Amino acid sequence: LLSGRQDNLLASAARVGKSWALSWMDLSSGRFLTRLLPSLDELETQLERLLPTELLVPEDADWIDTLSGQRGLRKRAPWHFDHESAYHLLTGQFGTRDLAGFGIEEEPAAIAASGALLQYAQETQRTALPHLRAIQMENPHKHLHLDAATRRNLELLHHPEGRTEHTLAGIMDSTITPMGGRLLRRWITEPIRDRERLQLRHNSIGVLLETRLYESLRGLFRSVGDIERILARVALGSARPRDLTTLRQTLGVLPEIKSSLVDVGREPLLQCGEEIECLPQLHELLSAALVDEPPVLVRNGGVIAKGYDAELDELRGLSENADSFLLEYENRQREESGIPGIKVGYNRVHGYFIEITHAHTDKVPLHYKRRQTLKSAGRYITEELKAFEDQVLSSRERAQARELYCYEELVSSLQLELVPLQTMAAAIARMDVLCAFTERAVTLDFCCPELSQQTGIDIQDGRHPVIEHVQSETFTPNHTRMNPLRRMLIITGPNMGGKSTYMRQTALICL
């Protein structure tokens, strides 16, 4: 029921001494992060970036009133943020002796916020969370800092009129998969400053553009489902049959996706291809276990394919052969009793019966026992028919129980492969975004920026990526030049002359 292209985040904020921390997780994908904050203002800025669905805070915090307008604000007892219990909860979840490897060992505020968050997730889900395997400390220096007002004014994800097509994400998102769409929005709201990572992205787009590989990859991505969220349901034991068939379909196209990336033989696509593990044995298992088009719920039956489990096939056979037995039994009773109009039927309330009209009541055999009397006929049962009824009804119940057992065993076997499956899902999401950027570069006539070690901006024939796309009039390109000796420009002109558009254009191009 979640929006496929929006993260559904649960967040928790804590302050220990003068240190602030914000932790957040996406249960539907297994992402778990935390970030240290210098002030309450920065907390509000990060909440504007993340837009969590729920925010946990200590009920005795003296700064709660500042967040009164935050949606999903939930006050929790202070002991949920206790350092010792939070530390124990986190190490237990990750299976480690300490938290040094995650970068939060010496950060009590991050531990408090993260522990409270994990405790709430375990409490609400009432099950193990095996897909939460680690927590990542987000480094603020690796990303471009954008305060809340800047995010709103640049209309990165949201437009005042609510029209997503008039936002940067709306223009740039031509991803195929939902998980790619979510990753693209994270990239837009978390612009990286790492020159090496930026160059890798640019090089990737360059290779995709040069080889035209992005076109065939986007075609393959149409057979890829929302694996991140499916794996979360697998981890929680709530995956439905159609989740598993979607996973099976995705596993089926992985070899072609992997070979496309590896065969190019050029970094960084080669590295991304190596992260995709095809898992042929898992694809074979799902192909053998599941029917082509299973029902929505496993309790409805008909999910496990014929030939997968011998015991289930035998139990199903007893039920499926009931019709032929009843037809043969009906003919035999007509011959033995001499009553031509005998009918054998089934009723959910009374079970199986032999129906004889009242005109032939005097011919009813003595071993027939009356089960029900109707206006025009009587219904009877025999010991043989009763025994058959017990066998069939029992086999149906046992078949249903056996099918549920087989399905749960199948989900358990998938849980053992969560790590390579999550790695594969992340690699595909990343490639989906890079292919979308390549397609946008072609369609919208974008060029690759040249990154310089020197301070400055030099944009020639710059265009506003959103306004150019949504307005009916021709957009006039313009230049922007700034350097250490020219750090400020004063823009003058009449109202509605395009001053703010020009400023936003420059910011969006840099972003």
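These exercises walk through pockets, a surface patch and some backbone features of a predicted model.

**Exercise 1. Describe the largest pocket: its volume, its centre and its lining.**

Step 1. Start with the space. The largest pocket holds about 2,200 Å³.

Step 2. Find the centre. The lining has 46 residues, and P449, L451, I509, C510 and L511 lie nearest the centre.

Step 3. Trace the elements. Those that each supply at least two lining residues include α5 (168–172), α6 (178–189), β11 (457–462) and β12. The top contributor is α7, with 7 residues.

Step 4. Sort the lining by character. It splits into 28 nonpolar, 9 polar and 9 charged residues.

**Exercise 2. Do the same for the second largest pocket.**

Step 1. Its space is about 1,300 Å³.

Step 2. It is lined by 41 residues, and Q136, L183, R197, A426 and R430 are the closest to its centre.

Step 3. Among the elements giving two or more residues to this lining are β3 (31–37), β6 (136–137), α9 (227–235) and α11 (269–274). The most come from α16, with 7 residues.

Step 4. The lining of the second largest pocket divides into 20 nonpolar, 9 polar and 12 charged residues.

**Exercise 3. Which residues make the nonpolar surface patch of about 240 Å², and where does I491 lie?**

Step 1. The patch is formed by L489, I491 and M503.

Step 2. Place I491. It sits in the loop between β12 (478–482) and α18 (499–510).

Step 3. Check its exposure. The relative accessible area of I491 is 33%, so it counts as partly exposed. That value also passes the patch cut-off of over 30%.

**Exercise 4. Locate E155 and L279, and decide whether each is buried or partly exposed.**

Step 1. Recall the usual case. Most residues other than glycine have a negative phi.

Step 2. Look at E155. It is not a glycine, yet its phi is positive, about 50°. E155 is in the loop between α4 (148–154) and α5.

Step 3. Look at L279. Its phi is also positive, near 50°. L279 is in the loop between α11 and α12 (280–289).

Step 4. Apply the cut-off: buried means under 20%. E155 has a relative accessible area of 22%, so it is partly exposed. L279 has 3%, so it is buried.

**Exercise 5. Where is the cis peptide bond that leads to P268?**

Step 1. Most peptide bonds are trans.

Step 2. The bond from E267 to P268 is cis, with omega near 0°.

Step 3. P268 belongs to the loop between α10 (241–264) and α11.

Technical notes:
Residues numbered from 1 in each chain as written. Predicted model: local features only at pLDDT ≥ 70, side-chain atom pairs only at ≥ 80, totals over all residues. Heavy atoms only, no water. Patch = residues over 30% accessible without salt bridge, like charges linked within 9 Å, V, L, I, M, F, W, Y side chains within 5 Å. Areas by Shrake-Rupley, 256 points an atom, 1.4 Å probe, with all protein chains shown as cover. Salt bridge = Lys/Arg side-chain N within 4 Å of Asp/Glu carboxyl O. Helix = DSSP H or I, 4+ residues; strand = E, 2+ residues; numbered from the N terminus. Buried < 20%, exposed > 50% of the residue type's maximum accessible area, 1.4 Å probe, protein only. 1 Å grid on protein atoms, 1.4 Å probe; cavity = no way out; pocket = protein on both sides within 12 Å on 5 of 7 lines; lining within 4 Å. Points joined across faces, edges and corners; volume = space filled by probe spheres on them. Nonpolar A, V, L, I, M, F, W, Y, C, P; charged D, E, K, R; others polar.
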